[in-house]
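Hello,

Here is the structure I promised to pass on. Please open it first, and then read on for what turned up in it.

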2 protein chains.
Amino acid sequence: MAASALQGEIEEQPSVLARMLEEQWPSVRRVANSIRAFAPEWIQIAARGSSDNAARYAQYLFGAYNRLAVGLAAPSLLTVYQSACRMGRALTIGVSQSGQSPDIVAVVTEARRQGGATLAITNDPNSPLARVSEHCIDLVAGRETAVAATKTYTNQLLALAMLSAALDDDDEAGARVRQLALVPDAVRAALAGCGLVNAGSRRFRGATRFLILARGFNYATACEIALKMKETSYVAAEPYSVADFLHGPIAMVDEGFPVLVVAPAGPGSIGIPVLLDLLELRRARVIALSDQPDILGRAELALPLPQGFPEWLSPIVAVVPGQVWARCLALANGQDPDRPRGLTKVTLTA
Amino acid sequence: MAASALQGEIEEQPSVLARMLEEQWPSVRRVANSIRAFAPEWIQIAARGSSDNAARYAQYLFGAYNRLAVGLAAPSLLTVYQSACRMGRALTIGVSQSGQSPDIVAVVTEARRQGGATLAITNDPNSPLARVSEHCIDLVAGRETAVAATKTYTNQLLALAMLSAALDDDDEAGARVRQLALVPDAVRAALAGCGLVNAGSRRFRGATRFLILARGFNYATACEIALKMKETSYVAAEPYSVADFLHGPIAMVDEGFPVLVVAPAGPGSIGIPVLLDLLELRRARVIALSDQPDILGRAELALPLPQGFPEWLSPIVAVVPGQVWARCLALANGQDPDRPRGLTKVTLTA
């Protein structure tokens with residue numbers, strides 16, 4: 001038993017991911033068959049916090065493999081402005097660890113009332129969110145006690161990836177389903193590669209501002225690592241897609257500015273070498289999270305990933321060294337990452 | 001003629017907004033009639049930078065008044081992953097000051113190829129974006145030379161608001177159209193209320209981190225003010241919807257942390273007094289942008305807005321003191337807000 005709940009839950013991820021794959025395929029396939037029959041025009045996802053980052057992953061996942069555009073719902077339209085958009089031809093997915101947040105429940109309730117397809121992805125199959133949704137995928141992650149979500153986030157990504165593969169008409173040979181089976185071991189390998197993170201994080205002790213950059217599938221990873229850093233270290237860690245970053249925020253990078261570049265191999269990281277040129281010109285301090293030696297070799301701190309893993313699943317693996325990094329940085333700064341000040345596990349926003 | 005291009009363009013906004021209202025109603029009504037005949041299931045918007053913040057405004061605007069859900073497109077799905085989502089039943093809007101960005105042009109081109117409705121909102125009606133779109137609304141803002149967009153942003157918001165009113169079946173009496181006519185004078189009044197911003201901004205000289213908070217319609221305003229601050233002062237200014245902020249990032253606020261609260265009157269600001277309680281408990285330094293004396297009175301620095309302006313149009317007005325604030329903060333920090341380091345006016349991302 002790990003001394004820290006957060007550390008224990010980070011290390012538990014390979015087995016929790018494996019449990020999801022062992023237990024939830026029948027449920028995922030049932031949901032996929034029903035969604036296929038419904039034939040949605042598009043997907044909207046209602047989520048907040050880490051679950052919202054899972055929704056960003058879904059945007060690339062269903063866009064790239066299922067030709068379905070994914071929009072992130074603005075729940076306050078319903079709860080603050082009492083205005084219900086048309087969503088009868090959409091698949092509405094509520095993603096929430098606890099399944100409690102009233103605004104997420106309100107969006108899914110309205111979608112179902114309009115005759116849309118509805119799905120809950122939650123760690124509590126008896127939660128309000130699960131009860132109002134037509135379908136539910138249980139995250140089977142076990143109780144999560146650390147305030148900063150880790151294992152429920154990676155299982156949310158896995159649930160979405162399984163659903164995308166099950167919906168994929170081009171995956172009759174099951175290539176994507178077989179790749180999914182590799183996830184737990186890849187996460188185990190990523191954890192094993194975290195030996196230098198603790199010492200490395202100490203070199204960034206006292207830094208109060210960070211940028212976290214990625215593009216495509218791993219934009220979600222950048223957002224989630226930034227959120228973990230903010231929750232545990234209270235640093236200002238701002239995520240950007242590389243493309244948006246070049247449209248303005250690059251102006252704030254000057255000498256010594258720490259920038260974490262998330263760059264698993266794949267089309268999403270094609271622009272990374274040019275980005276590194278620009279960051280070097282401004283003498284930024286680069287932290288690289290990648291499986292590519294060329295990229296890792298240009299960083300002050302290298303967070304290595306297992307090589308040869310498919311990009312569409314890489315967000316499930318790449319976030320893990322980022323969780324470890326956030327935890328180590330909190331400790332280096334004298335914070336207790338298990339007890340973020342002023343946060344509770346379940347936040348109810350209406 | 002103002003000495004600074006940025007200052008000149010900020011001050012030009014009342015007349016540029018008035019020009020939009022005088023010249024573009026016929027074009028907006030033509031576009032609205034065509035969209036009404038098409039009857040889209042939903043709207044997707046392709047945009048980057050400031051234009052992306054205009055898209056966030058559109059999410060509340062078309063959601064609250066036209067029952068249309070708005071999703072922000074992920075252009076790199078098409079340009080990086082070569083994957084086209086189904087968008088034949090959507091209205092796809094490309095928003096871009098220059099109309100040049102290849103990824104935005106690519107999304108609109110594909111949407112039109114699939115038979116979807118397409119609209120360009122751009123300051124250059126001869127740009128590639130305007131040429132590939134079925135419809136175009138010209139921003140008629142005149143040449144914008146400052147790198148940080150100001151008058152094209154407020155005219156983008158106005159163009160979207162005019163379109164929403166023109167599409168609104170419940171606005172037969174024209175109440176919303178009449179409210180739109182009040183925008184230029186309200187912006188003029190907001191500018192006139194900026195007398196204390198310069199002195200006030202000097203009190204925040206040297207601060208490197210800011211949070212910018214809002215909810216609902218003015219979440220876009222928070223994002224845009226944060227972007228202006230980053231572009232001109234190089235500070236880490238991070239925007240949050242109040243609801244998302246309470247789900248985690250609140251942990252980073254400690255004594256002396258500067259927080260700008262954007263709170264024009266309306267349902268979006270109902271939670272603001274409770275937020276201010278939490279910020280006071282943590283001894284944050286509060287800057288308030290509001291027309292509500294109760295809220296302004298609790299702030300170290302008050303940025304006043306004209307009272308009695310309808311919330312759905314308030315983002316066009318509220319951003320203006322935020323632009324002035326960003327410019328003054330840059331000057332207080334010894335920066336030249338007209339020449340952000342390393343930025344060019346047109347950024348081409350593929």
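Let me start with a question: is B:Asp277 buried, partly exposed or exposed? With a relative accessible area of 42%, B:Asp277 is partly exposed. Please keep in mind throughout that this is a predicted model.

B:Asp277 is also one half of a salt bridge, since its side chain meets that of B:Arg298 at 2.6 Å, N to O. The two partners come from distant parts of the chain, 21 residues apart: B:Asp277 sits in helix 13 (residues 272–281) of chain B, and B:Arg298 in the loop between helix 14 (293–296) and strand 10 (301–304). B:Arg298 is partly exposed too, at a relative accessible area of 30%.

That loop has another salt bridge to offer. The side chains of B:Glu300 and B:Arg285 meet at 2.6 Å, N to O. B:Glu300 lies in the loop between helix 14 and strand 10 of chain B, while B:Arg285 belongs to strand 9 (residues 285–290), 15 residues away in sequence. Relative accessibility is 34% for B:Glu300, which therefore counts as partly exposed, and 23% for B:Arg285, which is likewise partly exposed.

Elsewhere in chain B, B:Asp169 and B:Arg36 form a salt bridge through their side chains (2.5 Å, N to O). This pair spans 133 residues, from the loop between helix 7 (151–167) and helix 8 (175–180), where B:Asp169 is placed, to helix 2 (residues 13–38), which holds B:Arg36. B:Asp169 counts as exposed because its relative accessibility is 52%, whereas B:Arg36 is partly exposed at 35%. Over all chains, the count comes to 30 salt bridges.

Now to the two chains together. A rotation of 180°, with 0.0 Å of shift along its axis, superposes chain B on chain A with an RMSD of 0.0 Å. The two copies are therefore related as by a two-fold rotation axis. In chain B, the C-alpha nearest that axis belongs to B:Gly71, at 2.1 Å. Both copies use the same surface, as 100% of the contact residues of chain B recur in chain A.

As for the interface itself, 66 residues of chain B are in contact with 66 residues of chain A. About 5,600 Å² is buried between the chains, and carbon and sulfur atoms give 52% of this area. B:Tyr81, B:Arg86 and B:His247 supply 13% of the area that chain B buries against chain A, more than any other three residues.

There are 4 salt bridges between the chains, and 28 residue pairs are in polar contact, both at pLDDT 80 or more. Of the side of chain B that touches chain A, strand 7 of chain B gives the largest share, 6 residues. By class, this side has 32 nonpolar, 18 polar and 16 charged residues. One of the salt bridges joins the side chains of A:Arg48 and B:Asp244 (3.1 Å, N to O).

Finally, a detail in chain A. A:Glu144 is in the loop between strand 5 (135–138) and helix 7 (151–167), and at 5% relative accessibility it counts as buried. What does the side chain of A:Glu144 meet in a polar contact of 2.8 Å? The partner is the side chain of A:Thr152. In addition, a polar atom of the A:Glu144 side chain lies 3.3 Å from the backbone nitrogen of A:Lys151.

Happy browsing, and best wishes

Methods: Residues numbered from 1 in each chain as written. Chains lettered and ligands numbered in written order. Predicted model: local features only at pLDDT ≥ 70, side-chain atom pairs only at ≥ 80, totals over all residues. Heavy atoms only, no water. Helix = DSSP H or I, 4+ residues; strand = E, 2+ residues; numbered from the N terminus. Buried < 20%, exposed > 50% of the residue type's maximum accessible area, 1.4 Å probe, protein only. Polar contact = N/O pair within 3.5 Å; in protein donor to acceptor, adjacent residues only side chain to side chain. Least-squares fit on C-alpha atoms with pLDDT ≥ 70 in both. Contact = heavy atoms within 4.5 Å. Buried area = accessible area lost by both parts, 1.4 Å probe. Nonpolar A, V, L, I, M, F, W, Y, C, P; charged D, E, K, R; others polar.
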